[in-house]
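Please walk through this fold with me, one element at a time. Keep the sequence and the 3D view side by side.

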Amino acid sequence: MAFEPPQRLVRALGETAPNGDDWLEKLPEAAHQAVALRELTVDRVQLPGGRSSLVVLVRRPDGAPAVLKLAPPRARPESERAALAHWGGLGAVQLLEPFTTEGVLLLERLHPDLSVRSLPEAKALLEAAGTLRRLWVEPPGGEGAHAFETVAERTGRQAEAMRATASAEAEVAVLVDAALAAREELLAAPPERRLLHGTFRQSKVLAGERMPWLAVGPDPVVGECAFDLARLVRDRVEDLIASPSGAATTRRRIKRLAESLEVDQERLRGWTLFRAVESGVRALRVGRPKDAELLLEFAAWL
């Protein structure tokens, strides 16, 4: 079988590495090797797939369904592996093999075309939030012993990129300044340190067999829970922007999510602001002006 990378993956990797790299060129052969090593039978490549990995639906030698995932180093697949191993299938997809092949994960097969996003909005938020709560555990190894990036480290890198873009795009400078000020205040006294999903949203929660809903595709980070919840606040942002009551709906969503997950409402608002501005500025930087416009308008409501 030919393992051609989906166009969505090609475009996304092109945004993060405009000059290209050799991972995509080596991907078909790497996929063949991974399948052969595990004696898997290929059902199909998942389309349109993700923006950071090739996902292949496979069957193990005993016929059991599984997922083979191949990701480049920049997607931090070894960090994902460590987080999935630590969660042990509680709230997240199960890691199926104990041995390590760099950049390759063999995972439990969920229902790839059925995410929480398919539910009505109120129900989707409820189910997503319940799934996220189960992931917020102590990092492995205790204080300072884990190998995961921290919220301070990740947002520090992002802050540098935001400043660089803002210096060239004066119209976003005010929002960037507000987002950076919020980050500084939030990092001064984080209330807890938990292992977080890192990129959680409704489309990252898929239907399963052993549990109704399970999270997939983490980019794990260690920090406070409000940071993780912030990305969920802006789910279906295009619908929020299109609604005349979008700003009020966003404020109610922040209040409802904060109360249901026992997160400080103002900290959630602050991280929502930072993450929306960061995503909007990044979209602007890589040539997605429509996405940038939506995200920055949303951020202005906060």
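Contact here means heavy atoms within 4.5 Å. The model is a predicted one.

Start with the helix pair that this definition serves. Leu229, Leu232 and Val233 in H7 meet Thr250, Arg253, Ile254, Leu257 and Ala258 in H9. H7 covers residues 225-233 and H9 covers 246-260. The two helices pack at an angle of about 145°, and their axes lie 10 Å apart. Their crossing is right-handed.

Just past H7 comes a backbone feature to inspect. Arg236 sits in the loop between H7 and helix H8 (237-242). Its phi is positive, near 60°, and Arg236 is not a glycine. Most residues other than glycine have a negative phi. Is Arg236 buried or exposed? Arg236 has a relative accessible area of 13%. The cut-off for buried is under 20%, so Arg236 counts as buried.

Glu39 makes a useful companion case. Glu39 lies in the loop between helix H2 (23-38) and strand E1. Here too phi is positive, at about 55°, in a residue that is not a glycine. The relative accessibility of Glu39 is 59%. Exposed means over 50%, so Glu39 counts as exposed.

Follow the chain through E1 (41-45) to the loop that leads to E2, where Pro48 is found. The peptide bond from Leu47 to Pro48 is cis, with omega near 0°. Most peptide bonds are trans.

Now the strands. E2 (residues 54-59) and E3 run antiparallel, joined by six bridges. Together E2 and E3 form a hairpin, with five residues between them. In the turn, Gly63 has a positive phi of about 90°. On its other pairing, E3 is joined to strand E4 (residues 104-108) by five bridges, again in the antiparallel sense. Strands of a sheet pair through backbone hydrogen bonds.

Ala66 is a handy marker for both pairings. Its bridge partner in E2 is Val58. In E4, Ala66 stands opposite Glu108. How much of E3 is covered? Five of the six residues of E3 (65-70) are buried, so the strand is mostly covered by the under 20% criterion.

Step off the end of E3 to Ala71, in the loop between E3 and H3. Ala71 is buried, with a relative accessible area of 7%. Which residues does Ala71 touch, leaving aside its neighbours within four places in sequence? The contacts are Trp23, Ser52, Ser53, Pro77 and Gly103. Leu24 is 47 residues from Ala71 in sequence, but the two C-alpha atoms are 9.7 Å apart in space.

Helix H3 (residues 77-87) comes next, and Ser79 lies in it. Ser79 counts as buried, at 16% relative accessibility. Outside its neighbours within four places in sequence, Ser79 is in contact with Phe148 and Pro220.

Turn to helix H4 (residues 121-135). Its 15 residues should span 21 Å at 1.5 Å a residue, and its end C-alpha atoms are 22 Å apart, which agrees. The buried residues of H4 are Ala124, Leu125, Ala128, Ala129, Thr131, Leu132 and Leu135. Why do they belong to the same side of H4? They cover an arc of only 165° around the axis, which puts them on the same side. Ala122 and Leu126, on the other side of H4, are exposed.

What covers the buried residues of H4? The cover includes H3, strand E6 (194-196), E7 (205-207), E8 (213-215), H7 and H9. H4 lies across E7 and E8, and runs at about 55° to E8. This links the helix to the last piece of the tour.

That piece is an open sheet of three strands, in the order E5-E7-E8, with antiparallel pairing. E5 (111-115) and E8 stand at the edges, each with a single partner strand, so one side of each is left without a neighbour in the sheet. From one strand to the next, the twist averages 55°. Between E7 and E8 there are three bridges, and these strands run antiparallel. To find the register in the viewer, take Leu206: its bridge partner in E8 is Leu214.

Methods:
Residues are numbered from 1 along each chain as its sequence is written. This is a predicted model: local features need pLDDT of at least 70, side-chain atom pairs count only at pLDDT 80 or more; totals for chains, interfaces and linings use all residues. Side-chain values use heavy atoms; hydrogens and water are left out. Helices (H or I, at least four residues) and strands (E, at least two) are DSSP runs, numbered from the N terminus. Buried means under 20% relative accessible area, exposed over 50%, partly exposed in between (1.4 Å probe, protein chains only). Two strands pair if DSSP finds at least two bridges between them. The expected span of a helix is 1.5 Å times one less than its number of residues. The arc is that of the directions from the helix axis to the C-beta atoms. Axes are lines fitted to C-alpha atoms, for helices over the stretch in contact, and angles run from 0 to 180 degrees between N-to-C directions. A crossing is left-handed if the near helix is turned anticlockwise from the far one by less than a right angle, and right-handed if clockwise.
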